[in-house]
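Work through the exercises below with the sequence and the 3D view open. Each task is followed by its solution.

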Amino acid sequence: MVQSRKQNSSSGSSSSGLGARGIYENLREQIVAEVYGRGDVLPSARALAVELGVSRTTVTSAYEQLAAEGFVVIRHGARPRVAIKIAHSEPGDLGHTAAEPHSLSAFGERLRSRAIPMRVASEKLVADFRYGDMSASDFPTLAWRKAMNDAALGRPPKLSYGDPCGSIRLRSALQGYLWRARSIRCEVGEIVVVNGSQQGLDLCARLLLDEGDGFAIEEPCYPMARSVFEMTGAIAAPVEVDAEGIRADLLADVGARLAYVTPSHQFPLGSVMSMGRRQQLLGWAKEKRAYIVEDDYDSEYRFDMNPIPPLRALGGASNVIYIGTVSKTLSPLLRIGYVVVPRELQEVFAHAKRLTDRHAPSLEQEALATLLETRVYESHVRKARRQNARRRAALLDALQAEFRDLVRVEGAEAGLHVVVWFHDTPPAMAASFIEKAASLGVGIYSISPHYFDQTLDFDQTLDRSCLGLVMGYASLTESQIHRGLKLLRRAYEEATGSGDVS
Ligand SMILES: Cc1ncc(COP(=O)(O)O)c(C=O)c1O
């Protein structure tokens with residue numbers, strides 16, 4: 001660490017002949033930017049002088065200036081330290097004056113003005129119902145560690161870049177898995193291993209959409225998909241979702257080149273696309289020569305229902321780009337997903353993936369291949385399904401116990417989240433409810449950002465007029481869920497000023 005900082009601090013220094021002023025400025029900038037943390041020990045004047053090829057007096061004079069300004073503390077016989085309290089500047093203040101930002105590409109400008117705000121997970125909550133988080137205790141640590149060890153030890157004699165579409169071993173294992181678990185028959189060459197579904201979506205966006213193109217997207221939808229398509233300059237055409245999935249009958253009028261759908265568990269409402277809708281959607285894509293991006297993100301979790309084959313397996317081999325992920329079965333941190341592309345897109349996907357990042361990390365690919373080949377993956381999925389069924393039951397019980405008829409739960413038959421609608425509670429209450437819940441240690445998340453149109457009321461009989469939450473439960477223990485719901489009830493009562501709601 002110190003080594004790299006030293007290298008950093010000296011970059012180009014000896015050749016550029018940094019004087020005391022230059023050394024002072026470099027160090028000051030690094031302290032302000034927190035390259036060196038508060039209280040960190042800095043290199044001794046002697047060591048830094050040797051490294052920079054300058055005299056010790058030069059470095060000492062830079063340190064003295066930093067000490068005079070309160071950035072470092074110098075004590076006789078000890079190495080200088082970064083001061084604990086620095087009055088002069090805030091982190092990130094590098095002394096640059098505020099200037100007009102440089103202009104970016106059209107993509108960059110769109111991103112600058114319309115990016116989805118990043119949420120930082122809070123470790124402090126009693127129960128965080130944030131969707132997407134998974135429990136670390138569910139991860140098959142021993143099996144994964146062994147598979148990673150084997151992958152590291154079995155490395156080839158030469159370290160060369162791999163196939164951009166992924167290791168043949170992993171793709172063969174995925175081919176078998178997709179056939180067994182999802183009824184998808186495809187060739188190994190049609191599979192591209194990606195860094196999570198998100199990269200699959202990004203590749204689709206860049207390869208299939210141009211500025212001004214229309215794309216159809218479910219309303220409400222997965223915002224990370226909408227955003228990645230919109231950032232190409234394409235224009236979203238939100239299409240209503242009902243209990244059978246996207247209203248495929250409305251697609252004829254929207255003029256889209258591509259439709260993004262989540263048929264096995266609509267995100268976020270949770271409906272499962274009916275067979276009729278699937279056929280209608282496929283018919284639309286064939287007629288319009290459009291692509292369907294089928295996001296099968298959590299299809300492993302079905303609780304009270306029989307599976308329906310994905311679009312890709314229902315005659316969608318030439319129009320459907322199927323995307324799967326291990327983010328819901330193993331961990332979102334692994335960043336492994338897979339895309340099954342139509343044959344005619346194989347080559348262009350391979351080139352795009354290669355230009356993006358060469359290929360997904362090899363050791364992780366080999367480790368996942370081992371888990372799939374040995375069927376450890378499938379037995380892990382069964383275990384995770386049982387575990388999450390328990391969490392889901394706990395959540396449904398707790399919602400019933402704490403809120404009774406005040407809420408309606410939607411989309412609980414599959415997946416790792418539910419939508420909870422609070423009757424007679426206007427959506428405008430969401431902010432104060434969320435804030436109150438957070439103050440009591442509960443993380444909750446409104447459904448509103450999933451809607452493209454924040455005002456449109458598609459179905460007056462349904463819930464757009466009341467407050468809705470997307471509640472994930474896969475990272476929580478059953479007792480956290482129960483405790484969280486008790487606190488949530490208190491938060492609700494306090495935020496709405498209602499009395500005892502149970
Ligand atoms: C609809 C949907 N698709 C895909 C994903 C997974 O994305 P990734 O594979 O990039 O982690 C998520 C994660 O929350 C999701 O909600």
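**Exercise 1: the ligand shell**

Task: find which residues are closest to the ligand, and how many surround it.

Solution. Step 1: 13 residues surround the ligand, and the closest are Gly196, Ser197, Tyr297, Thr325 and Ser327. A residue is near a molecule if its C-beta atom, placed from the backbone, lies within 6 Å of it. The model is predicted: local features need pLDDT of at least 70 and side-chain atom pairs count only at pLDDT 80 or more, while totals for chains, interfaces and linings use all residues. Residues are numbered from 1 along each chain as its sequence is written.

Step 2: the most is given to this shell by helix 9 (residues 196-208), with three residues. Helices (H or I, at least four residues) and strands (E, at least two) are DSSP runs, numbered from the N terminus.

Step 3: sorted by class, the shell holds eight polar, four nonpolar and one charged residues. Ala, Val, Leu, Ile, Met, Phe, Trp, Tyr, Cys and Pro count as nonpolar, Asp, Glu, Lys and Arg as charged, and the others, Gly among them, as polar.

**Exercise 2: two domains in contact**

Task: describe the side of domain 2 that touches domain 3.

Solution. Step 1: the protein chain is assigned domain 1 (2-82), domain 2 (127-135 + 380-496) and domain 3 (163-377), with bounds from an automatic or database domain assignment.

Step 2: 26 Å separates the C-alpha centres of domain 2 and domain 3. In contact are 27 residues of domain 2 and 28 residues of domain 3, where contact puts the C-beta atoms, placed from the backbone, within 7 Å.

Step 3: on the domain 2 side, helix 14 (376-403) and strand 13 (417-422) each supply at least two residues. Helix 14 has the largest share, seven residues. By class, this side has 15 nonpolar, seven polar and five charged residues.

**Exercise 3: the sheet and its edges**

Task: work out the strand order and name the edge strands.

Solution. Step 1: the open sheet has eight strands in the order 4-11-10-9-8-5-6-7, with mixed pairing. Strands pair if DSSP finds at least two bridges between them.

Step 2: strand 4 (191-194) and strand 7 (245-246) pair on one side only, which makes them the edge strands.

Step 3: strand 6 (residues 235-242) and strand 7 run antiparallel and are joined by two bridges. Asp242 stands opposite Gly245 in strand 7.

**Exercise 4: Gly53**

Task: decide whether Gly53 is buried or exposed.

Solution. Step 1: Gly53 lies in the loop between helix 4 (45-52) and helix 5 (56-68).

Step 2: Gly53 counts as exposed because it has 12 C-beta neighbours inside 10 Å; the cut-offs are 20 or more for buried, 12 or fewer for exposed, and partly exposed in between, with C-beta atoms placed from the backbone.

How values were computed
Contact = placed C-beta atoms within 7 Å.
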